[in-house]
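Okay, thanks everyone for coming. I'd like to walk you through one structure today, so have a look at the screen.

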Amino acid sequence: MKILCFDIGCTDIKYGIIEDGNIILKKKVATEVDLGVDSFKKKLQVIVDCLAEPNGIKLVGVSCAGSVDINESKIIVCPDHAPMLDKFDFREFFGQFGLECYADNDVNCFGLAEMMAGHGQKYDHFLTMTVGTGIGGAVIMQKNVWRGPNFNAGEFGRMIMQNGVSYETVAATSALVRSAKENGLDVDNGQDVFALYDAKNPIAKKIVKNFYCYLAIGVANLVYAFNPQSVIIGGGISNRPQFADELKVELKKILHHSFYDTVVVQNSYFKNDGGIMGAYYLALSKHMEEK
């Protein structure tokens, strides 16, 4: 069965066609949140018109930033960077095109993908995090995604750090880039910062170290709170092969050895495709349940 899958973030709408667990088409378009909800709807409609009927697709899976009511496939708390998504009803939107739709939070979907076919297959209890424009999280307990009674579990990026700022304000990739620019580096994204870091630029080295220190503090607190078997980190930063090892250098300094020695911190299996792969497994499983 071919499923049209979306991974909707504040920067990009990633989408693709997945069949039998294989991505057979993958593209992306800028979300452009500043253009509002009508522009957003138009982008989705164009994708549907181009891909659904020509490929015989009747089923859609959506991974989206924010808190999502999985029973209604509707956003109940929009991401801070995309207010136009407030109360957006994916089931209603795709239903007008005759498509069956299931939606969930993007990192819940990422966790589901890792649990079904990634590094999470070997664990009963693990956490997933995405580090990008913001920081998202998901909690997998006894091989089930724990969403909380109000579908708000796993909002790791909203955790409060020193001086009352949120975790994602200081530890997301966007924070890394902002700090680099404030210190005079000519960069556009995280890849640019890490390129300078790998080239041993002294300013980049200091900024990246601070980034890892902040990121490690949040991970340490999550390990203390949940005692997971693994913390699996995705998002664009997970394309950096040495990312998890670099993070663990800072994590080892602050996490008690009995916790450090019993948790596996690792890059995600699906890298930046965790969202659309999770949307696929979500739609497939929900469709089969309701048959």
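Let's begin at G61, which sits opposite Y102 in β7. Keep in mind that this is a predicted model. The strand pairing here is between β4, residues 59-64, and β7, and the two run in the parallel sense over 6 bridges.

Now zoom out to the whole sheet. We've got 5 strands in an open sheet, in the order β3-β2-β1-β4-β7, and the pairing is mixed. Which strands are at the edges? That would be β3 (22-30) and β7 (100-105), each with a pairing partner on one side only. From one strand to the next, the twist averages 15 degrees.

Two helices to point out here. Helix α1, residues 37-51, packs on the sheet and touches β1 (2-8), β2 (12-19) and β3. The direction of α1 makes about 160 degrees with that of β1. Then there's α3, residues 106-117, which also packs on the sheet, touching β1, β4 and β7. Its direction is at about 100 degrees to that of β7.

On to the nonpolar cores. The largest one has 39 residues, and M129, L215 and L247 have the most contacts inside it. Several elements give two or more residues to this core, including β8 (126-131), β9 (135-141) and α8 (243-254). Which element gives the most? It's α7, with 11 residues.

If you click on L247, you'll find it touching Y212, L215, A216, V219, I233 and V265, leaving aside residues up to four places away in sequence. And apart from that core lies another, of 30 residues, with L4, A52, I57 and I75 among them.

Methods: Residues are numbered from 1 along each chain as its sequence is written. This is a predicted model: local features need pLDDT of at least 70, side-chain atom pairs count only at pLDDT 80 or more; totals for chains, interfaces and linings use all residues. Side-chain values use heavy atoms; hydrogens and water are left out. Two strands pair if DSSP finds at least two bridges between them. Helices (H or I, at least four residues) and strands (E, at least two) are DSSP runs, numbered from the N terminus. Axes are lines fitted to C-alpha atoms, for helices over the stretch in contact, and angles run from 0 to 180 degrees between N-to-C directions. Contact means heavy atoms within 4.5 Å. A nonpolar core is a set of buried Ala, Val, Leu, Ile, Met, Phe, Trp, Tyr and Cys residues joined through side-chain atoms within 4.5 Å. Buried means under 20% relative accessible area, exposed over 50%, partly exposed in between (1.4 Å probe, protein chains only).
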